[in-house]
Amino acid sequence: MINLINFCKKIGCKGVVFGVLNNKNEIDIKKCKILLEKSGNMSTTFHKAFDKIGNVFKAIDELILLGFDRVLTSGKEKNALKGIKLINKLAKSTHNKISIMPGG
C-alpha cells in the first residue's frame with residue numbers, strides 16, 4: 001500500500017482510498033497512521049472495510065482522530081440505499097468532522 005500511495009503522489013493524484021483492520025475487525029490504528037503519514041497532503045478516504053467493524057460509532061471517532069477526510073460506507077448493508085438509516089446517523093454523529101461517502 002505504501003508503494004501505491006507513493007505512486008499516486010508521484011503522478012499527482014488528489015487523494016487515496018485505503019483502510020486496515022486488525023484480526024478483530026477493528027481499525028488498525030498503527031498501520032493507518034503510517035499510511036496517513038505517507039499520504040502527505042492527499043485527501044484520504046477509509047474504504048468499505050469500515051462496514052465490517054462492529055462498533056462503527058467508536059470507529060468513526062477513531063478515524064476523525066487519525067485525520068481521515070472521509071469514510072466510504074454502505075451503512076453495513078448490501079448497498080447504501082439499504083443502509084441509509086445508519087449512514088444518516090453516522091453523518092449526524094460526526095458534527096462535520098469527517099465526510100460520510102455512501103457507496104456500494
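Select Gly 104 first: leaving aside neighbours within four places in sequence, Gly 104 is in contact with Lys 48, Lys 78, Asn 79 and Ala 80. The model on display is a predicted one. Gly 104 lies in the segment after S4. Is this residue, at 68% relative accessibility, buried or exposed? Gly 104 counts as exposed, because 68% is over the 50% cut-off. Now add Glu 77 to the selection and draw a C-alpha to C-alpha distance: Gly 104 and Glu 77 are 8.7 Å apart in space, with their positions 27 residues apart in sequence.

**The whole chain**

Zoom out and switch to a cartoon representation. The secondary structure amounts to four helices and four strands, and along the sequence these follow the pattern α-β-α-β-α-β-α-β. A box taken along the principal axes, enclosing the C-alpha atoms, comes to roughly 40 × 25 × 25 Å. The radius of gyration is 13 Å, which agrees with the value near 13 Å for a compact globule of 104 residues. Of the contacts between residues at least 6 apart in sequence, 66% join residues at least 24 apart.

**The sheet**

Select the four strands together. They form an open sheet in the order S1-S2-S3-S4, with parallel pairing. Strand S1 (15–18) and strand S4 (99–102) stand at the edges with a single partner each, so one side of each has no neighbour in the sheet. On average, neighbouring strands of this sheet are turned by 25° against each other, direction ignored.

Next, show helix H2, residues 29–39. H2 packs on the sheet and touches S1 and S2. The direction of H2 makes about 165° with that of S1.

Move to strand S2 (residues 43–46) and strand S3 (residues 70–73), which pair in the parallel sense over two bridges. Select Thr 45 and find Arg 70 opposite, in S3. Then select Phe 46, which stands opposite Val 71 in S3. To follow the connection, trace the chain from S2 through H3 to S3; this β-α-β crossover is right-handed.

Continue to the pair S3 and S4. How many bridges join these two strands in the parallel sense? S3 and S4 pair over four bridges. Select Arg 70 again: its bridge partner in S4 is Ser 99. The route from S3 to S4 passes through helix H4 (residues 84–93), and this β-α-β crossover is right-handed. Finish the strand pair at Thr 73, which stands opposite Pro 102 in S4.

**The nonpolar core**

Hide the cartoon and show side chains. Of the 104 residues of the chain, 38% count as buried. The largest nonpolar core has 27 residues, and those with the most contacts inside it are Ile 27, Phe 46, Phe 50, Ile 60, Leu 63 and Phe 68. Helix H1 (2–11), S1, H2, helix H3 (56–66) and H4 each supply at least two residues of this core. Which of the elements gives the most to this core? Colour H3, which gives the most, with five residues.

Select Phe 50 and display its surroundings within the contact distance. Leaving aside neighbours within four places in sequence, Phe 50 is in contact with Val 56, Ala 59, Ile 60, Leu 63, Val 71, Leu 72, Thr 73 and Leu 90.

**Leu 63**

The last selection is Leu 63, placed in helix H3. Why does Leu 63 count as buried? Its relative accessible area is 0%, and buried means under 20%. Not counting residues up to four places away in sequence, Leu 63 touches Ile 27, Phe 46, Phe 50, Phe 68, Val 71 and Ile 98. Among these partners, Ile 27, Phe 46, Phe 50 and Phe 68 are listed with Leu 63 as residues with the most contacts inside the core.

For a closing distance, select Ala 80 along with Leu 63: the two are 17 residues apart in sequence and 20 Å apart in space, C-alpha to C-alpha. Ala 80 also leads back to the start of the tour, as one of the contacts of Gly 104.

Note on methods: Residues numbered from 1 in each chain as written. Predicted model: local features only at pLDDT ≥ 70, side-chain atom pairs only at ≥ 80, totals over all residues. Heavy atoms only, no water. Pairing = 2+ DSSP bridges. Axes fitted to C-alpha atoms, helices over the stretch in contact; angles between N-to-C directions. Contact = heavy atoms within 4.5 Å. Right-handed = clockwise from strand over helix to strand, strands pointing away. Core = buried A, V, L, I, M, F, W, Y, C linked by side-chain atoms within 4.5 Å. Buried < 20%, exposed > 50% of the residue type's maximum accessible area, 1.4 Å probe, protein only. Rg over C-alpha atoms; globule rule 2.2 N^0.38 Å.
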